[in-house]
Amino acid sequence: MLGARGVLSVFLSTLFLFSSIPMIGAQDDDSSYVRAESLIVVVHGNVSHDSGAYTQGLEFHEGRLFESTGLRGHSTLREVNLSSGSVIRSLDLNASEFGEGMTFVDDEIIQLTWQEGIAYRYQMDTFSIVANYTYEGEGWGLAYDGQQLIMSDGTDVLTLRNATTFEIEGTLNVTLNGDPLSKINEMEMWEGILLANVYQTEEIVGIDLNSGVVILHIDASGLRPQGTGVLNGIAFDSSTQSLWITGKEWPMMYNVTFVEPPLPPEPEPEVESPSSEENSLFSDALLTILLATVVILMAMNLKDGGRNPPLEGASE
């Protein structure tokens, strides 16, 4: 029968066996963030766009299309004919200024500049300047959610500003799948979500303004015409419920929607592995059996008087 060493060997073997069982169903600890939903762009139509326009901001207001363009010496604020892409009227910025994002607050337009630290406020119908504001850092994109201005500066932090005074009221850190997301460029409110281009990519993200978490990750690849600049420009036309995107010096604007990508082909059927619950039940049962075996062996060993008891009648 097994003695103390034998029982110890069985016990150690049991421990080794359980330490070697893989953790079925174990997952990375990704529960601390919301994973963005992956979508793709579907094009439903297109219209002409000025291929000389270095698009920095794009916005519809009451069915009319407005655009901010960049590059020093070529920066403008303009109203554009959606059907033809022709410029209806245009205001040139100073030659030293680089135009950036723009948005509407009621019937007034606010336009950023890149590194000049100046934002202009215009009357929509005349493009006359009614106010200007100064700010630190760079100006990239600008949007209005009906309560606050939302401004990007190339970092992962959005600045929330008062829509009347342009004073800072707060900030919002933007994350994609748990990581900071920088290079947020032109922006647009859409169905309560802040859509944004990500500079030098063919991606559009949808940001939850309560948390800064990217909840939509949209692949817009395949639209960029050869020899043009990057994707930049998102505008929602509430009068027709249509969403439009374009890019820097693109000859077209595209009417788009976002959909889930097609499912990949189903893989060959495989033998199903036990679920984590089944594996847990199996492990518990095996542990019970092994522990019972150890107890029985120890009891039998004690009953026999230990290992190699002396023979009856043997002299000491």
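Is Phe 66 buried or exposed, and at what relative accessibility? Phe 66 counts as buried, because its relative accessibility is 0% and the cut-off for buried is under 20%. Please keep in mind, as we look around, that this is a predicted model.

**Aromatic pairs**

A pair of aromatic rings is described by the distance of the centres and the angle of the planes. The structure holds 10 aromatic pairs, and two of them are set out here.

| Aromatic pair | Centre to centre | Angle between the planes | Arrangement |
|---|---|---|---|
| Phe 66 and Phe 127 | 6.4 Å | 65° | edge-to-face |
| Trp 190 and Phe 258 | 5.5 Å | 75° | edge-to-face |

Let us begin with the pair of Phe 66 and Phe 127. Phe 66 belongs to strand E3, which covers residues 64–69, while Phe 127 is found in the loop between strand E8 (118–123) and strand E9 (129–134). These two positions are 61 residues apart in sequence, so the pair ties together separate parts of the chain. Phe 127 has a relative accessible area of 7% and is therefore buried, just as Phe 66 is buried at 0%. Phe 127 has another partner too: the charged end of Arg 89 sits over the ring of Phe 127, 4.0 Å from the ring centre.

Now for Trp 190 and Phe 258. Which strands do Trp 190 and Phe 258 lie in? Trp 190 is in strand E16 (residues 184–190) and Phe 258 is in strand E22 (residues 252–259). With these positions 68 residues apart, the pair links distant parts of the chain. Trp 190 is buried, because its relative accessible area of 14% falls under 20%. Phe 258 counts as buried for a like reason, with 13% relative accessibility.

Elsewhere, a cluster is worth a look: ring pairs link Tyr 54, Phe 98 and Trp 114.

**A four-stranded sheet**

Turning from rings to strands, you will find an open sheet of four strands in the order E10-E11-E12-E13, with antiparallel pairing. At its edges are strand E10 (142–144) and strand E13 (168–173), each of which pairs on one side only. On average, neighbouring strands of this sheet are turned by 25° against each other, direction ignored.

How many bridges join E10 to strand E11? Three bridges do so, and the two strands run antiparallel, with E11 covering residues 148–151. To find this pairing in the structure, you can start at Ala 143, which stands opposite Ile 150 in E11.

Definitions and conventions:
Residues are numbered from 1 along each chain as its sequence is written. This is a predicted model: local features need pLDDT of at least 70, side-chain atom pairs count only at pLDDT 80 or more; totals for chains, interfaces and linings use all residues. Side-chain values use heavy atoms; hydrogens and water are left out. Two strands pair if DSSP finds at least two bridges between them. Axes are lines fitted to C-alpha atoms, for helices over the stretch in contact, and angles run from 0 to 180 degrees between N-to-C directions. Rings of Phe, Tyr and Trp (its six-membered ring) pair if their centres lie within 6.5 Å; planes under 30 degrees apart count as stacked, over 60 as edge-to-face and the rest as tilted. Buried means under 20% relative accessible area, exposed over 50%, partly exposed in between (1.4 Å probe, protein chains only). A charge sits over a ring if NZ of Lys or CZ of Arg is within 6 Å of the ring centre and within 35 degrees of the ring normal.
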